[in-house]
Amino acid sequence: MSSPPAMAALHLPRHIQNFSAADQLEPHWGYADRVVPCVNDPGSCEYLDEVYGAHDRGMIYTGIFWLTIGGLLLVWAVGRRLIPHEDPLVARLRLRRAEKQPATTEPAAEAGAPPPRASAPRRLLQASASTLRRHLLPTTPLRVVFGRTTRLQVLILAVLAGYLAVWSFVGIKYAMWKTPIKDQPPEVYNTRSSLGPFADRVGVLAYALTPLSVLLASRESLLERLTGVPYTSFLFLHRWTGYLILVQSVVHTIGWVLIEAWLYKPQPQVWNGWIAQDYARWGVAALALLVLMWLLSTRTVVERLTGYEAFRKAHYVLAMVYIGALIGHWQHLQCFLVPGLVLWGLDRGARLVRTALLHYGYWPEEGRYGFRSVQATARVWTDRRHGDVVRLDLDHVQKPWSVGQHFFLCFPEGSIWQSHPFTPASLPEADARGRVRHSYVFRAKLGETKKMADLLLKKLAAGAPAEAASATTTTGTTTTTTPVILQGPYGTGITSSLPGNANVLCVAGGTGITYVLPVLLQLVRGPAPAPAAAAAGAQQQLELVWVVRRRADLEWVQPELDELRARGAAHGLRVRVFVTSDADKSAEEKPSEEGDGPSAAASTGSSGAEDVAEDVAAGRPDVAALVREFAGGVAGGPTRVFASGPPGMIVDLREAVAGCNAGARVWRGEEQFDVKLICDDRLEW
């Protein structure tokens with residue numbers, strides 16, 4: 001038990017308890033000990049009964065809150081591992097039919113027959129998912145408030161906010177007590193009400209949300225491991241959980257300011273005595289830090305004043321100081337704050353371990369153990385208007401990652417204090433020596449990437465003849481090297497759940513091509529469909545739509561496009577390129593006509609009859625119409641749309657994919673109306 005003098009010094013001004021006359025102290029988890037029996041006036045004793053009773057119930061409610069979250073995650077984690085991505089019976093029959101198709105004795109009609117109907121439970125699951133996508137995938141109409149997020153994210157936020165609202169109000173007796181004040185006339189009295197228990201309740205819930213906020217922001221995401229949802233998809237909820245904590249903190253503060261500055265008498269003595277206490281001052285400091293974090297996270301401040309890197313570093317520091325201030329304000333609730341600190345520390349520690357596993361070891365060519373960066377070959381295409389484009393290629397001995405995962409790259413020649421996420425355009429396959437090729441393409445606009453592009457251009461210019469420096473750095477035909485430190489991989493694989501009979505449409509804008517290229521490379525390197533299936537029109541459909549500013553931009557991923565041309569014909573792959581910059585059109589046409597530049601290969605493809613030729617068109621495409629055209633033209637099987645590009649493109653794709661879904665028709669066995677969007681969905685605003 002706590003000693004009565006210590007408790008009196010800490011809590012007497014707030015809790016009106018006479019600790020010097022206490023027979024014993026009754027402990028309450030997360031709150032101050034209570035003097036029993038109560039020796040105050042009846043009204044004050046009844047008020048204290050409600051304060052402690054409401055707090056105890058509130059602690060139970062926070063336990064229910066976390067048990068609910070844990071239960072949902074457990075069900076999700078178990079369910080995604082028990083439910084197969086494709087009906088096992090259908091998969092076996094489809095594979096058996098595929099084995100028969102090459103035989104010349106197999107009738108074409110039977111070989112091209114529609115796939116067997118999935119089981120009722122499987123169709124119910126697919127139909128339900130299709131219906132939900134139709135209604136919840138589109139971007140929320142309240143973009144001014146929520147940004148470019150989906151209706152599903154807003155619905156989850158609404159459920160969370162509603163759940164917290166219920167726990168904020170239940171279990172509290174709403175009443176008012178007028179209690180006498182010692183040595184004061186009868187007309188001077190304290191007004192005690194349920195405002196105190198309510199303010200305490202929302203404060204406790206704000207503490208309880210703190211570890212959830214940290215969990216939602218973790219790159220080494222436990223939520224990603226359990227749910228299979230990329231950690232980037234939780235950033236919207238992280239931001240809005242912070243807003244909920246801010247609202248709860250403001251309500252908590254306003255409640256106690258009203259109590260101590262208005263309802264309690266005499267004034268200003270009560271207020272001056274209350275605000276002078278350490279726990280009150282720490283509370284004011286915590287609220288000020290929370291408001292500051294909110295202001296620094298707003299779009300206007302990040303885009304126009306600080307930049308993302310400055311915001312991120314300031315956010316880390318302010319968040320840790322904020323948690324420290326919360327401990328100073330009410331140390332009895334450390335049970336919620338310590339887990340937040342532990343989660344944050346584990347996240348940072350795991351990042352260091354990842355980097356060490358990739359870069360620390362024995363290097364035979366140097367004859368030493370130690371840490372070493374990887375040398376990457378770099379090429380640069382200059383574009384002063386929209387930002388230079390850089391391609392990095394490197395080989396590193398490591399375990400192959402999953403298609404769709406990304407790495408954080410640090411450039412020591414620029415700064416060791418920054419790293420940026422990039423998705424490899426290469427297919428993760430190890431060679432005989434265990435080396436895996438990394439290929440990255442990114443546009444350098446501002447900050448660290450712009451600094452690196454300028455540095456690489458200087459190195460290229462220094463290594464090229466003076467009269468050729470401008471041309472070589474512009475076309476990306478010469479290379480230089482730069483050290484790179486890798487951290488990853490992060491995110492989830494995007495092809496592991498791809499049904500075997502799925503039709504695949506890949507849509508990319510600019511450097512977003514790196515996200516979708518590995519998907520197509522993985523598919524075209526697989527076994528080609530039997531000729532009988534193609535003859536019957538039952539072949540899996542594959543298509544790439546790439547929107548670029550200039551035709552010369554195809555050079556960024558020329559090796560990968562060459563492989564798609566060579567292998568894609570056997571898979572029925574169609575490649576469509578849209579060039580949006582009219583200003584460059586005439587400049588690109590001349591080398592194309594002469595046939596002596598990369599543009600010629602881009603427009604006509606290779607000369608072999610079995611190669612794929614790109615369809616190159618001028619202008620900005622209607623990506624929604626392209627999705628509807630593709631989904632409406634498949635013979636059967638579900639459709640998966642992989643996409644990465646500007647925010648406007650992703651918003652349009654969401655609307656189109658949602659409109660192509662029809663749960664009722666999926667239930668009837670028409671799988672082509674099961675359309676899913678898998679995208680690089682990192683839209684902050």
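Let's start with a small piece of this predicted model: strand β5 (residues 360–363) and strand β6 (residues 368–371) run antiparallel and are joined by 4 bridges. One of the pairs to look for is Trp363, whose bridge partner in β6 is Arg368. Together β5 and β6 make a hairpin, with 4 residues between the two strands. In that turn you will find Gly367, which has a positive phi of about 65°. As a rule, strands of a sheet pair through backbone hydrogen bonds, and they can do so either parallel or antiparallel.

For the parallel kind, move further along the chain. Here 6 strands form an open sheet, and the pairing is parallel. Reading across the sheet, the order is β16-β15-β14-β13-β17-β18. The strands at the edges are β16 (615–618) and β18 (675–679); each has a single partner strand, so one side of each is left without a neighbour in the sheet. From one strand to the next, the twist averages 15°.

Let's look at one edge of this sheet. Strand β15 (residues 573–579) pairs with β16 in the parallel sense, over 4 bridges. Among the paired residues is Phe578, whose bridge partner in β16 is Ala617. If you follow side chains along a strand, it helps to know that in a regular strand they alternate between the two faces of the sheet.

A helix also belongs to this picture. Helix α23 (residues 623–633) lies across β13 (503–509), β14 (542–548), β15, β17 (639–644) and β18. Its direction is at about 170° to β13.

Now for the spaces inside the protein. How many cavities of 30 Å³ or more are there? The count comes to 2. The second largest cavity holds about 60 Å³ of space. Its lining is made up of Val51, Ala54, His55, Gly58, Met59, Pro197, Asp200, Arg201 and Val204. Two elements, α2 (42–82) and α8 (195–217), each give two or more residues to this lining. The biggest share comes from α2, with 5 residues. By type, the lining of the second largest cavity divides into 5 nonpolar, 2 polar and 2 charged residues.

Finally, step back to the whole chain. The protein chain has 25 helices and 18 strands. Of its 685 residues, 49% count as buried. Among contacts in the chain with a separation of 6 or more, 73% are between residues 24 or more positions apart.

How values were computed:
Residues numbered from 1 in each chain as written. Predicted model: local features only at pLDDT ≥ 70, side-chain atom pairs only at ≥ 80, totals over all residues. Heavy atoms only, no water. 1 Å grid on protein atoms, 1.4 Å probe; cavity = no way out; pocket = protein on both sides within 12 Å on 5 of 7 lines; lining within 4 Å. Points joined across faces, edges and corners; volume = space filled by probe spheres on them. Nonpolar A, V, L, I, M, F, W, Y, C, P; charged D, E, K, R; others polar. Pairing = 2+ DSSP bridges. Axes fitted to C-alpha atoms, helices over the stretch in contact; angles between N-to-C directions. Contact = heavy atoms within 4.5 Å. Buried < 20%, exposed > 50% of the residue type's maximum accessible area, 1.4 Å probe, protein only.
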